Amino acid sequence: MPTLPFHQVDVFSTAPFKGNPLAVIAEADGLDDAAMQAIANWTNLSETTFLSRAQNPGADYRVRIFTPQRELPFAGHPTLGSCHVWLALGGRPQGEHVVQECGAGLVRIKRDGARLAFTAPPLRRSGAVDAELTTKIAAALGIKREAMRAVQWADNGPGWIGVLLDSRQDLLNIKFDVQALSQQPIGVVAPWDPTRDGGDAQFEVRAFMWSGAEDPVTGSLNASLAQWLIGAGIAPKQYIAAQGTVLGRAGRVHVIQEGETIWIGGDVAPVVKGTISL
């Protein structure tokens, strides 16, 4: 029975069980699409990734990203977790940065000590959200429209709409009603109050996926929110976002703008190391 290296890591956390889990299967060149989808369905994590040799000569490795139902061209925590495993298995980049090949193209990843960071992909859609959809979003979040300081398309692929609240506590109190708004990913963000919330982070984020389920810590959402918030002067060029609080997690996303590039960084904690039998 053939076996492949199998790792499970926790992304956007320095400690296991406090971030967003990811399964990574290495040496996956011989797996076909059906096998990858079957494995991702079996792990039943939000994403499972498969590492193989790069097809593009400018890349260091290739990654394919699967949810239990479908393949994704790009996702944030799978990018950081996959790169961590590739490096742990002895991978060495050709240049200053690691270059990942995925369905969305080439993604640069830099190392900052033990932490990794990827370049935020460009927004595919930005700008105001129409009044009807804004009303539905408020109903789904269980808040009044006037409680939303801003509502903005912030779509870098998954279809995100960003909602800015003034109160972190209001954000933490949200009980998302998927019946009021299905099939529309929503990211909600609010600033921390240093006197009440401390200085461990500057913003709190929650992410509600296509299914209405809440994601623990979301790289793609934080990338799109950063482009919106920094571009609008709402957030500084460097900040930390907390996510996963209501789920018992302690995710931390490190955002920094250098020149025109926004980097989305996070720690990766190894949890499981072994093999998977096929």
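Phe74 is buried in this predicted model, with a relative accessibility of 13%. Its ring pairs with that of Phe118, and because the centres are 5.5 Å apart and the planes stand at 70°, the pair is edge-to-face. Phe118 is likewise buried, at 0% relative accessibility. The contact brings together distant parts of the chain, 44 residues apart: Phe74 belongs to the loop between strand E5 (71-72) and helix H2 (76-88), while Phe118 belongs to strand E8 (residues 115-119). A second pair, Phe176 with Phe208, is stacked, with 4.5 Å from centre to centre and 10° between the planes. This pair also links distant parts of the chain, here 32 residues apart. Phe176 is found in the loop between helix H4 (168-172) and strand E12 (186-191), and its partner Phe208 in strand E13 (residues 203-208). Both Phe176 and Phe208 are buried. In total, the structure has five aromatic pairs.

Aromatic rings also meet charged side chains. Arg125 lies over the face of Trp153, at a distance of 3.8 Å from the ring centre. In another such contact, the charged end of Lys110 sits over the ring of Trp263, 4.8 Å from the centre of that ring.

Lys110 has a further partner, which leads on to the salt bridges. Side chains of opposite charge can pair when their charged atoms come close. The structure holds 13 salt bridges, and one of them joins the side chains of Lys110 and Glu258, with 3.0 Å from N to O. The two residues are 148 apart along the chain, with Lys110 in strand E7 (residues 105-112) and Glu258 in strand E16 (residues 251-258), and the bridge thereby links distant parts of the chain. The ends of this bridge fall into separate accessibility classes: Lys110 counts as buried at 17% relative accessibility, whereas Glu258 counts as partly exposed at 40%.

Another salt bridge forms between the side chains of Asp29 and Arg53, at 3.8 Å from N to O. It too connects distant parts of the chain, 24 residues apart. Both ends are in loops: Asp29 in the one between strand E2 (20-25) and helix H1 (33-43), Arg53 in the one between strand E3 (48-52) and strand E4 (61-66). Asp29 is partly exposed, with a relative accessible area of 35%, and Arg53 is exposed, with 64%.

Salt bridges also join into a network, whose members are Arg168, Asp193, Arg196, Asp197 and Glu204. Within this group, Arg196 bridges to Asp197, with 3.9 Å between the closest N and O atoms. The accessibility of these two residues again falls on either side of the class limits, as Arg196 is exposed with a relative accessible area of 56%, and Asp197 is buried at 18%.

Turning to the cysteines, the count of disulfides comes to zero. Cys83 is in no disulfide, and the nearest cysteine sulfur, that of Cys102, is 12 Å away. Seen from the other side, the sulfur of Cys102 has that of Cys83 as its closest cysteine sulfur, and because they are 12 Å apart, the separation is too far for a bond; a disulfide would need the sulfur atoms to be within 2.5 Å. Both side chains are out of reach of much solvent probe contact by the accessibility criterion: Cys83 counts as buried at 0% relative accessibility, and Cys102 counts as buried at 10%.At the surface, Phe17, Val271 and Val272 make a nonpolar patch of about 280 Å². One of these residues, Val271, is placed in strand E18 (residues 268-277) and counts as partly exposed, at 34% relative accessibility. Thr134, in contrast, is buried, with a relative accessible area of 7%. Thr134 lies in helix H3 (residues 131-141). Its C-alpha atom is separated by 23 Å from that of Gln243, a residue 109 positions away along the chain.

How values were computed: Residues are numbered from 1 along each chain as its sequence is written. This is a predicted model: local features need pLDDT of at least 70, side-chain atom pairs count only at pLDDT 80 or more; totals for chains, interfaces and linings use all residues. Side-chain values use heavy atoms; hydrogens and water are left out. Buried means under 20% relative accessible area, exposed over 50%, partly exposed in between (1.4 Å probe, protein chains only). Rings of Phe, Tyr and Trp (its six-membered ring) pair if their centres lie within 6.5 Å; planes under 30 degrees apart count as stacked, over 60 as edge-to-face and the rest as tilted. Helices (H or I, at least four residues) and strands (E, at least two) are DSSP runs, numbered from the N terminus. A charge sits over a ring if NZ of Lys or CZ of Arg is within 6 Å of the ring centre and within 35 degrees of the ring normal. Patches are made of residues with over 30% relative accessible area and no salt bridge: like charges are joined within 9 Å, nonpolar side chains (Val, Leu, Ile, Met, Phe, Trp, Tyr) within 5 Å. Accessible areas come from the Shrake-Rupley method with a 1.4 Å probe; for residues, only the protein chains shown count as cover. A salt bridge is a side-chain nitrogen of Lys or Arg within 4 Å of a carboxyl oxygen of Asp or Glu.
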